[in-house]
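Trainee: I would like to learn how to read a model like this one. Where do we start?

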Amino acid sequence: MSLEFLVASGIGVLTSAGIYLLLRPRTFDVVLGLAFLSYAINLFLFSMGGLELGRPPFFDAGAPGYTDPVPQSLVLTAIVISFAMTALLLVLSLRTYLEAGTDHVDGEADPKKRAP
Amino acid sequence: MTHWLIAPIVLPALTATVILLFLRGRRLRLARYVSLGASAAWVALGATLVARASTGAIETYALGNWPAPFGIVLVLDRLSAVMVLLAAVLGLAVSLYAAASDLDRKGWHFHSLFHLQIVGLNGAFLTGDLFNLFVFFEMLLIASYGLMLHGQGPARLKAGVQYVVVNLAGSTLFLVAVGILYGVTGTLNMADMAMKVAAAPAGDEALIHAGGLLLITVFALKAALFPLHLWLPRTYAGTSAPVAALFVIMTKVGAYAIVRVTTLVFGASAGEAAWAPAAWLLPAALVTLVLGFVGVLSARSLRDLAAFGVVGSMGTLLAAVSVFQPEAITAALYYTLHATLAGAALFLTADLVGRRRGDHGDALTPGPRFPQVEVLSVLYFLAAIAVVGLPPLSGFLGKLFILDAVRPSAHGAWIWGFILGTTVVSLVGFARAGSTLFWESAEGPHASHCKVPVHPELTLGITAALLVGLGGLTVMAGPVTAYLGAASAQLFDTKAYLGAVLGAR
C-alpha cells in the first residue's frame, strides 16, 4: 500500500467523520466535527506540497531535492487559527447552553426532554 | 516603495491594541475619543489612497521586502482603494452611533474589536496573496464574532453559534480551495497564479477548475448568495443594529473577492477554467434576488426587513457581476457603494425606532405612538426609497446603470425581469412595514419605558448623514462612475496588474 493511498484515505475518513458530526443537531458534536474537519484540512494542505521521504526541509546541496516548506507554514497558520476558533466555539456553545437552556444548534428545546 | 499601503492595516491594529491594553473599564470615555478620532483618520487615509490610486498607477508593497512571488504583497489599485474608503466611511458612522447610543457600554472591548474588524477588511481589500486573503478573512471574522455577540442575551448567543459554525465550515472550504490551487500551480500570489493558470498543462485544468469553483463557493458564502444565504437574516436580525450596519460591508467583501479573483485568475486567459464561475453565479444571484425581496414581505421586525434587504441587494449586485463585462462591473461597483450605505442607514433607523417603542421594539406590530415619530418616519421613508431603488436616491441610479449595462448580455432579459419584478415586490414589503409602524399606531399614552438613546439628536443626525451621503452619491454620480469605470477597466487589464506585481518579466 503506497504512502499516497494511506494519506488520502486518512484524509477521507477524517473528512467524512467531520461532515457527519457537523450535521448533528447538538453543539458538542458540531464542535467535534469542525475539529475533525480541521485535522483533515491540515493533512490535506500538508500533502499538497507532495509527499517526499527522507528529504531535507530546505535546500541541501548533498540531497537530491527538498520538501516544499510552504505547505508546512500554511499548516502551522491553519493549526493556530483552527485551535483558537475551536476554543472560542466551545466557550460560546457552553455559554449558549447555560443561557438558553438547550444545546441544540437551532436553539430549539428538545421536545422529548422538556425542562419541568 | 512608499509605506502608505501598510498604514490601513498596521494603524488600526495598533489602535485596537492601545485601546485594549490602556483604555479599558472606566476609561471608556477616553477610549471613545481615541476610537472616534482613529475612525475619522481612517476616512482620511482611505481618501488619500483613492487619490493615489486615481492616477491609474498600481502600487505594490512587498512585506518584509521579499519580492513578489515569494513574499506577500499588498496591491493598491482603484478598486481596492475605493473599498477601503467605503469601509472607513461606514466604520466612522457605526462607531459614532455606537458611542452615541451607549452600545459600547453594554459589554467589553467594543472599540478594540471594531478596529480589528477594520484591519481585517482593509487587509482583505489590499492583499495580493491568496493565503493572506484567508488570514485577513479569518481576522475580520474573529472580530465579527466578538462584535456580533456584543451585549449578549440568549437570542444573540443562539444566532451567534450558527454564525460561527457556518463561517468555520466556510474557512475549512477556503483552505481546501487554496490547497488545491497551490498543489497545482505551486504559488499563492494571485498574479503569479494567474500566469501559472494561463500556462497550465491540459491535465491540470480540471483541478484548477474545481479549485476555482470551490474558492468562489466560499466567497459566495460570505456574500450570502443562494443557497448559502441562510445564515444572514438570523445573524443580522439577532445582533445589535449598529453592528449589523457594520456587517453590511462584510457581504461586500465576498463580492469584492469574487470580482477580484475571477477577473484576475479565472479571466479570459484561464483556458478551460475561463469565467468558470459566471455560469453558476447568474442563476444563484437571481434566486438570491427573489428570496431577499420576497423575504422583505415576510419580515416580522424592522431588522429582519433590513437583513432581507441586504440579501436582495447582494442578488442585484451579483447578477450584474455575473455578466463579467466592464460596464456591468462599473454598475455593480456603483450599486455596492449605494447598497452598503443604504443598508446601514436602514439598520440604524430600525434601532432608532426600536428604542422608542418600548416592549414592541422594532417588531412590525401596531403600537402606541412614540416620540419623534415625524422625524423617524421621514428617515424610514428615505432609507426605504434607497433600498428599494426608487428615484431620486442613488438606488434608482444604481439599478438603472445595471439594467443598462446588462442589456447586450445574452441573459440580459432575465436580469431585467428579475430586477424590475423584485423592485415591485420589495416596494410592497417596505410600504406595508412603514404603514404598520407609523400609521397604524394607536393614539394614547407614549410607550411606558422606551429606551431613548442618551444623545437622541446625535443618533438621528448620524442616520440622516448616511442618507445625505446617498444624496451626495446621487449628485456626484458622474465623477463617481467615471472613477469606477476606470477601476473596472483596470480589473480587466490584467497585464498592468501582473506587471506591477511581478515586475517586467
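Mentor: Start with the terms. Helices (H or I, at least four residues) and strands (E, at least two) are DSSP runs, numbered from the N terminus. This is a predicted model: local features need pLDDT of at least 70, side-chain atom pairs count only at pLDDT 80 or more, and totals for chains, interfaces and linings use all residues. Residues are numbered from 1 along each chain as written, chains are lettered from A in the order written, and side-chain values use heavy atoms, without hydrogens and water.

Trainee: How many helices and strands does chain B have?

Mentor: Chain B has 19 helices and two strands. Chain A has three helices and zero strands. Its pattern along the sequence is α-α-α.

Trainee: How do I read the radius of gyration?

Mentor: It is taken over C-alpha atoms, and the globule rule is 2.2 Å times the number of residues to the power 0.38. For the 505 residues of chain B, a compact globule would have a value near 23 Å; chain B has 22 Å, which agrees. The C-alpha trace of chain B spans about 75 × 55 × 40 Å along its principal axes.

Trainee: What does the rule say about chain A, with its three helices?

Mentor: Chain A has a radius of gyration of 20 Å, well over the 13 Å that the rule gives for 116 residues, so chain A is more spread out than a compact globule. Its C-alpha trace spans about 75 × 30 × 15 Å along the principal axes.

Trainee: What share of the residues in each chain is buried?

Mentor: First the cut-offs: buried means under 20% relative accessible area, exposed over 50%, partly exposed in between (1.4 Å probe, protein chains only). In chain B, buried residues make up 63% of the 505 residues. In chain A, they make up 33% of the 116 residues.

Trainee: And contacts?

Mentor: Contact means heavy atoms within 4.5 Å. Take contacts in chain B between residues at least 6 apart in sequence: 80% join residues at least 24 apart. In chain A, residues 24 or more positions apart account for 53% of the contacts with a separation of 6 or more.

Trainee: Now the backbone. Which residues of chain B have a positive phi without being glycine?

Mentor: Among them are B:Asn65, with phi of about 60°, and B:His109, with phi near 65°. B:Asn65 sits in the loop between strand 1 (59-62) and strand 2 (73-76) of chain B. B:Asn65 is exposed, at a relative accessible area of 59%. B:His109 is in the loop between helix 3 (78-100) and helix 4 (110-126) of chain B. At 34% relative accessibility, B:His109 is partly exposed.

Trainee: Where is the cis peptide bond that leads into B:Pro227, and in which loop is B:Pro227?

Mentor: The bond runs from B:Phe226 to B:Pro227, with omega near 0°. B:Pro227 lies in the loop between helix 8 (205-222) and helix 9 (231-238). Another cis bond joins B:Pro391 and B:Pro392, with omega about 10°. B:Pro392 falls in the loop between helix 14 (373-388) and helix 15 (394-406).

Trainee: What does the UniProt record annotate on residues 128-423 of chain B?

Mentor: The unreviewed entry gives "domain: NADH:quinone oxidoreductase/Mrp antiporter transmembrane" for residues 128-423 of chain B. UniProt positions are given in the numbering used here, feature names are shortened, and annotations may be inferred rather than shown by experiment. In the model, that span is 75% helix and 0% strand, and its end C-alpha atoms lie 37 Å apart.
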